[in-house]
Amino acid sequence: MTIALEGVGLTHPGGFQALRQLTLQISSGERVAVIGPSGAGKTTLLQLLGTGLMPSAGQLHLLGDDPARLQARGLKRLRTRIGLIHQSPPLPPRQRVITAVLAGRLGSWSLSRALVSLCYPLDIPGARAMLEPLDLDDKLFVRCDQLSGGQLQRVGIARVLYQRADLLLADEPVSAMDPVLADHTLALLNRIAADRGVTLVASLHAVDLALRHFQRIIGLRDGNVLFDRPSAQVSDDDLSALYANQSLAEQGHEVVRPARPAGLGAGTGILRTAPRCL
Ligand SMILES: Nc1ncnc2c1ncn2[C@@H]1O[C@H](COP(=O)(O)OP(=O)(O)OP(=O)(O)O)[C@@H](O)[C@H]1O
Ligand SMILES: [Mg+2]
């Protein structure tokens with residue numbers, strides 16, 4: 001089991017309880033999308049799985065370790081096995097793309113190798129190989145502050161792929177990309193995860209992309225799991241319940257009723273038409 005949560009709660013500083021009594025398991029090699037309305041707790045869950053946050057209650061096991069019980073050295077070792085793709089990668093603006101990608105392995109390199117790599121990129125072919133399938137190898141020596149939002153997201157993805165983590169986490173990894181690139185990038189992430197046999201957990205707002213690319217969907221709302229099913233079994237009712245917005249409806253706003261895209265009928269899992277963003 002790669003991930004096991006048993007009654008996990010997480011309360012942010014300030015007292016907001018973002019995750020409530022979550023119990024779920026994700027096996028090695030599974031590819032899972034987490035969907036849900038804004039504020040549901042998706043980013044909080046991914047930060048927890050990335051060990052950036054610790055549970056306030058319950059038990060969390062990641063790759064065989066309980067991060068809350070690890071000493072600093074053990075936690076550092078665990079973190080080298082987990083790659084978190086951020087929605088807005090926190091890359092130094094003046095850093096070049098090549099350096100940002102190679103920094104994916106800083107945690108597992110010796111201090112001297114890491115320092116040298118920061119000044120003189122040591123593995124140009126390795127970085128290029130990560131950027132090429134993301135259609136970004138022409139930006140290898142460009143500074144990060146000269147990239148668009150979607151290009152920056154792809155640098156963040158290349159960096160985590162270069163890291164060769166055992167657990168890939170992605171928080172809205174394609175939110176700044178056009179639909180074609182977003183589709184291609186999610187297909188690539190899933191293919192690489194499958195080829196490497198690693199676990200992939202991604203949060204997504206685009207329900208059609210989640211249903212199209214991931215085997216299993218977890219619907220998160222108000223810090224609770226509302227449903228957890230194979231993507232082919234997620235129904236229109238599941239989606240309506242997940243995204244129901246009482247307060248907008250009470251204010252008299254017309255509220256869209258989310259549904260499976262045509263051609264992705266529940267129970268078939270077959271895409272017959274071009275993907276459509278909900
Ligand atoms: N650092 C923090 N301190 C206090 N509360 C926080 C913090 N981070 C998030 N929260 C709160 O926790 C809840 C869940 O936030 P989270 O960012 O996990 O939601 P999300 O599902 O990722 O939303 P979105 O789809 O908008 O990205 C929100 O109500 C948010 O206000
Ligand atoms: Mg979020």
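Colleague: What makes a residue count as part of the shell around ligand 1?
Modeller: A residue is near a molecule or strand if its C-beta atom, placed from the backbone, lies within 6 Å of it. On that rule 13 residues surround ligand 1, and the closest are His12, Ser38, Lys42, Thr43 and Thr44. This is a predicted model, in which local features need pLDDT of at least 70 and side-chain atom pairs count only at pLDDT 80 or more, while totals for chains, interfaces and linings use all residues. Residues are numbered from 1 along each chain as its sequence is written, with chains lettered from A and ligands numbered from 1 in the order in which they are written.

Colleague: Which element gives the largest share of that shell, and what makes it a helix?
Modeller: Helix H1, residues 42–49, supplies 3 residues, the largest share. Helices are DSSP runs of H or I with at least four residues, strands are runs of E with at least two, and both are numbered from the N terminus.

Colleague: How are the shell residues around ligand 1 sorted by class?
Modeller: There are 4 nonpolar, 8 polar and 1 charged residues. Ala, Val, Leu, Ile, Met, Phe, Trp, Tyr, Cys and Pro count as nonpolar, Asp, Glu, Lys and Arg as charged, and the others, Gly among them, as polar.

Colleague: Why is H1 called largely enclosed by the rest of the structure?
Modeller: A residue is buried if 20 or more other C-beta atoms lie within 10 Å of its own, exposed if 12 or fewer, and partly exposed in between, with C-beta atoms placed from the backbone. In H1, 6 of the 8 residues are buried, so the helix is largely enclosed. The buried residues are Lys42, Thr44, Leu45, Leu46, Leu48 and Leu49.

Colleague: What is notable about phi just after H1?
Modeller: Thr51 takes a positive phi of about 65° there, although Thr51 is not a glycine. Thr51 lies in the loop between H1 and strand S4 (57–62). With 19 C-beta neighbours inside 10 Å, Thr51 counts as partly exposed.

Colleague: What about phi at Asp222?
Modeller: Asp222, also not a glycine, has a positive phi of about 50°. The loop between strand S8 (216–221) and strand S9 (224–230) holds Asp222. Asp222 has 14 other C-beta atoms within 10 Å, so this residue is partly exposed.

Colleague: How do you know that the buried residues of helix H9 line one face?
Modeller: In H9, residues 236–243, the buried residues are Leu239, Leu242 and Tyr243. Seen down the axis of H9, they fall within an arc of 80°, so they line one face of the helix. The arc is that of the directions from the helix axis to the C-beta atoms. An α-helix has 3.6 residues a turn, so residues three or four places apart point the same way. Their cover includes strand S3 (31–35), helix H8 (207–213), S8 and S9.

Colleague: What makes domain 1 and domain 2 separate entries, and how many residues touch?
Modeller: The bounds come from an automatic or database domain assignment, which gives domain 1 (1–81 + 196–278) and domain 2 (82–164). Two residues are in contact if their C-beta atoms, placed from the backbone, lie within 7 Å. By that test 8 residues of domain 1 are in contact with 4 residues of domain 2. Helix H2 (residues 72–80) gives the largest share of the domain 1 side, 4 residues. The centres of the two domains, taken over C-alpha atoms, are 26 Å apart.
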